[in-house]
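Here are some short exercises on charged side chains and where they sit. Have the structure open and try each task before you read its solution.

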Amino acid sequence: MSVYTTEIASDQIPSDNPIHQRLLQAYYEAIPFIEGDLLELGCGEGRGVEILTDSATSYLGLDKIEEVIENLKAKYPDHQFESSVFPPLKLPDNSFDTVVSFQVIEHIKKDEEYLSEIHRILKPGGKAILSTPNIKMTLSRNPWHEREYTADELATLAAKYFSKVDMKGIAGNEKVMEYHERNRQSVQKIMKYDFLDLQYKLPASFLRVPYDLLNRLNRNKLQKQSDDLVLSIDRKDYFLAEKSETNLDLFCILYK
C-alpha cells in the first residue's frame with residue numbers, strides 16, 4: 001500500500017519531489033547522531049530505514065498504519081516494526097540509545113507527554129533527533145497539524161524534559177528557495193479567495209479534504225510551470241543549518 005496524500009510526500013509522484021528530497025535529507029543529517037539501539041517514532045513507509053540502520057545496533061520502527069507496518073516487516077525482515085498509536089509509548093524505561101522522530105510532533109495532541117515519554121525510554125546519555133515544520137516558513141494553515149512551532153517555542157518545550165537542547169534546522173540552497181518563493185506566490189493567489197479567513201476559523205476536520213485537493217493542484221501547477229526546477233531538486237540541495245527563522249524545518253537534538 002502507498003499513501004499518496006499531500007501530507008505524506010511520495011517519491012513516486014514527480015510534483016512531490018522537492019518535499020520528498022527535503023524529508024530525505026533530514027535522515028542523512030541524522031546519521032552522525034545515530035548509535036546503539038534505535039527507535040524511530042513515525043517511520044511511515046520506511047523512507048529512512050536503510051539510511052539509519054547502518055549506524056545502529058538494532059532498529060524498531062513504530063507507526064499507526066497497520067498495513068504500512070506489515071509491508072515494512074516483509075521488506076526489512078532483519079528489523080522490527082510495530083503498529084502503535086502514541087503517546088504513551090508501550091516500551092520500558094531506559095531502553096534506547098537513540099530516538100528519531102521526523103515530522104511527527106506537529107501531529108501529536110499531547111506534545112508534552114510525547115517529549116516526556118521519549119525522555120523516559122531513552123537510556124542515560126541517550127539522544128533524540130526531531131524535525132518538524134518551521135512555522136515561520138509555513139505558507140498556510142495545515143489542518144493535519146495540531147500545531148507548529150518556532151525554534152524558540154520547541155526549544156523551550158523540550159528543555160522541560162531534556163538536559164540539553166541543540167536547535168538547528170533544515171535549510172535550502174538558492175534552487176530550493178526559488179521553488180519555495182514560487183510556492184508562496186501560488187499559495188497567496190489561492191488564499192486571496194479566503195477573504196473571511198476561514199482557514200483559521202473552521203475546525204480542522206472541515207478543511208482536510210479541500211486542503212489536500214488544493215495542495216495537490218498547486219504542486220502539479222508548480223511542476224507544470226517549471227518542470228526542470230521541480231525535478232532537478234535533490235536531497236543535497238538541502239542542508240543542516242544553525243538556528244534561523246528562514247530554515248524550512250526545525251531540526252533539534254535532545255540529550256538526556
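**Exercise 1.** Decide whether Glu 117 is buried or exposed in this predicted model.

*Solution.* Start with the relative accessibility of Glu 117, which is 10%. Buried means under 20% relative accessible area. Therefore Glu 117 counts as buried.

**Exercise 2.** Find the salt-bridge partner of Glu 117 and say where the two residues lie.

*Solution.* Step one: Glu 117 pairs with Arg 120, and their closest N and O atoms are 2.7 Å apart. Step two: both residues belong to helix α4 (residues 111-121). They are three residues apart, about one turn of the helix. Step three: Arg 120 has a relative accessibility of 23%, so it counts as partly exposed.

**Exercise 3.** Work out which residues are linked with Lys 123 in a network of salt bridges.

*Solution.* Begin with Asp 37, whose side chain meets that of Lys 123 in a salt bridge (3.0 Å, N to O). This pair links distant parts of the chain: Asp 37 is in strand β1 (residues 37-41) and Lys 123 in strand β5 (residues 122-133), 86 residues apart. Next, Lys 123 also forms a salt bridge with Asp 97, with the closest N and O atoms 3.2 Å apart. Here Asp 97 sits in strand β4 (residues 96-102), 26 residues from Lys 123 in strand β5. Put the steps together: Asp 37, Asp 97 and Lys 123 form a network of salt bridges.

**Exercise 4.** Classify Asp 37 by its relative accessible area, then do likewise for Lys 123.

*Solution.* Asp 37 has 22% and is partly exposed. Lys 123, with 23%, is partly exposed.

Notes: Residues numbered from 1 in each chain as written. Predicted model: local features only at pLDDT ≥ 70, side-chain atom pairs only at ≥ 80, totals over all residues. Heavy atoms only, no water. Salt bridge = Lys/Arg side-chain N within 4 Å of Asp/Glu carboxyl O. Helix = DSSP H or I, 4+ residues; strand = E, 2+ residues; numbered from the N terminus. Buried < 20%, exposed > 50% of the residue type's maximum accessible area, 1.4 Å probe, protein only.
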